[in-house]
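Hi,

Here is the model I promised to pass on. Have a look at it first, and then read my notes below.

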Amino acid sequence: MIRDILIHPDPRLKKPCDRVQEVTAEIHVLAKDMLDTMYDAPGIGLAAPQVGAMKQLIVMDCIKDGPPQPMVMLNPIVFWASEDLSVYDEGCLSIPDQYAEVSRPGSVKVRWMGLDAQTYEQQFDGLWATCVQHEIDHLNGKLFIDYLGPLKRQMITRRMEKLKRERARFGDGR
Ligand code: NI
C-alpha cells in the first residue's frame, strides 16, 4: 500500500526515531508499504519518519538499470566511514524538486538488523553510501538541507511551506 509522504517542515521529520525491538507483523507491513511508496514516488531511499512512523527503519534501492535490489534495514548504524568524501546533488522525497550538493564520506560500513532479525554488516560506496547516510540521518531527525548554509536552507523551507499551503488549498493536504 502506498502511504502519504510527509513534506518538510513537519515536526515528525525533526525527531529521533525509536529502535525496533522486535520484528512484528506490523514492521513487515511497514517495510513493504515503504518499498511500494519509494518505487511509486519514484525514489532511491525512504525512511520510516517520512511516512509518519517513528521507527528506525529505512528502505533503499539505488539500482537504476537492471533488476530491483530492495534493501530493508532496521536500527542501521554507520560504524566506519572513509576519510575521502564524495559530493552528490541530493534530493529528498520530503523536499520535492529541491536539490543541493552535499559532501559526505565516500564509503561507509553499516550494521543493521534484517526483517529476519539477523544482524548484517556491509560496506557501501558511491551512490549507495550517500543514500544510506541520508536515510540514517532521517532516523536522527536530520535532513540534507541541514548541511547547507542558513540562507539556502531557509529559502528551501519557505518554498516547501508555500507548496504545503497550495496543496492544502487544492485538497491534497497531508
Ligand atoms: Ni530524504
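Before the notes, one term: buried means under 20% relative accessible area, exposed means over 50%, and partly exposed is in between, all with a 1.4 Å probe and protein chains only. By that yardstick His-138 is buried, at a relative accessible area of 2%.

Now the small print. This is a predicted model, where local features need pLDDT of at least 70 and side-chain atom pairs count only at pLDDT 80 or more, while totals for chains, interfaces and linings use all residues. Residues are numbered from 1 along each chain as its sequence is written, and side-chain values use heavy atoms, with hydrogens and water left out.

The metal site

Cys-92 (SG), His-134 (NE2) and His-138 (NE2) coordinate the nickel ion at 2.1 to 2.3 Å. Donors here are N, O and S atoms within 2.8 Å of the metal (3.2 Å for Na, K and Ca); water is not among the atoms, so sites may look incomplete. Along the chain, the donors are spaced as C-x41-H-x3-H.

Both histidines belong to helix α2 (residues 126-139), where they sit four residues apart, about one turn of the helix. Helices and strands are DSSP runs numbered from the N terminus, with H or I over at least four residues for a helix and E over at least two for a strand. His-134 is buried too, with a relative accessible area of 6%.

Glu-90

This residue is in strand β4 (residues 85-92), and it is buried, with a relative accessible area of 4%. Contact, from here on, means heavy atoms within 4.5 Å. Leaving aside neighbours within four places in sequence, Glu-90 is in contact with Gln-98, Tyr-99, Ala-100, Val-102, Arg-104, Thr-130, His-134 and Phe-144. So the list includes one of the nickel ligands, His-134. The side chains of Glu-90 and Arg-104 also make a polar contact at 2.7 Å. A polar contact is a pair of N or O atoms within 3.5 Å; within protein, one must be able to donate a hydrogen and the other to accept it, and residues adjacent in sequence count only if both atoms are side-chain atoms.

The sheet and its helices

Five strands make an open sheet, ordered β1-β2-β3-β6-β7, with antiparallel pairing. Its edge strands are β1 and β7, each of which pairs on one side only. Two strands pair if DSSP finds at least two bridges between them. From one strand to the next, the twist averages 40°.

Helix α1 packs on this sheet, touching β1, β2 (57-60) and β3, and its direction makes about 40° with that of β2. Helix α2 packs on the sheet as well, touching β1, β2, β3, β6 and β7, at about 155° to the direction of β2. For these angles, axes are lines fitted to C-alpha atoms (for helices, over the stretch in contact), and angles run from 0 to 180 degrees between N-to-C directions.

Strands β6 (residues 107-113) and β7 (residues 119-125) are antiparallel partners over seven bridges. Met-113 has Thr-119 in β7 as its bridge partner, and Val-108 stands opposite Phe-124 in β7. The hairpin of β6 and β7 has five residues between the strands, and Ala-117 takes a positive phi near 70° in it.

Backbone oddities

Two peptide bonds deserve a look. His-8 and Pro-9 are joined by a cis bond with omega about 0°, and Pro-9 is in the segment before α1 (25-40). The Ala-41 to Pro-42 bond is cis as well, with omega near -10°; Pro-42 is in the loop between α1 and β1 (45-47).

Then there are positive phi values in residues other than glycine. Asn-75 has phi near 50° and is in strand β3 (residues 71-81). Asp-97 has phi near 65° and is in strand β5 (residues 95-105). Are they buried or exposed? Asn-75 is buried at 7% relative accessibility, whereas Asp-97 is exposed at 66%.

The start of the chain

Ile-2 is in the segment before α1 and is partly exposed, with a relative accessible area of 47%. Apart from neighbours within four places in sequence, it is in contact with Asp-36, Thr-37 and Asp-40. The C-alpha atoms of Ile-2 and Tyr-39 are separated by 9.4 Å, with their positions 37 residues apart along the chain.

Cheers
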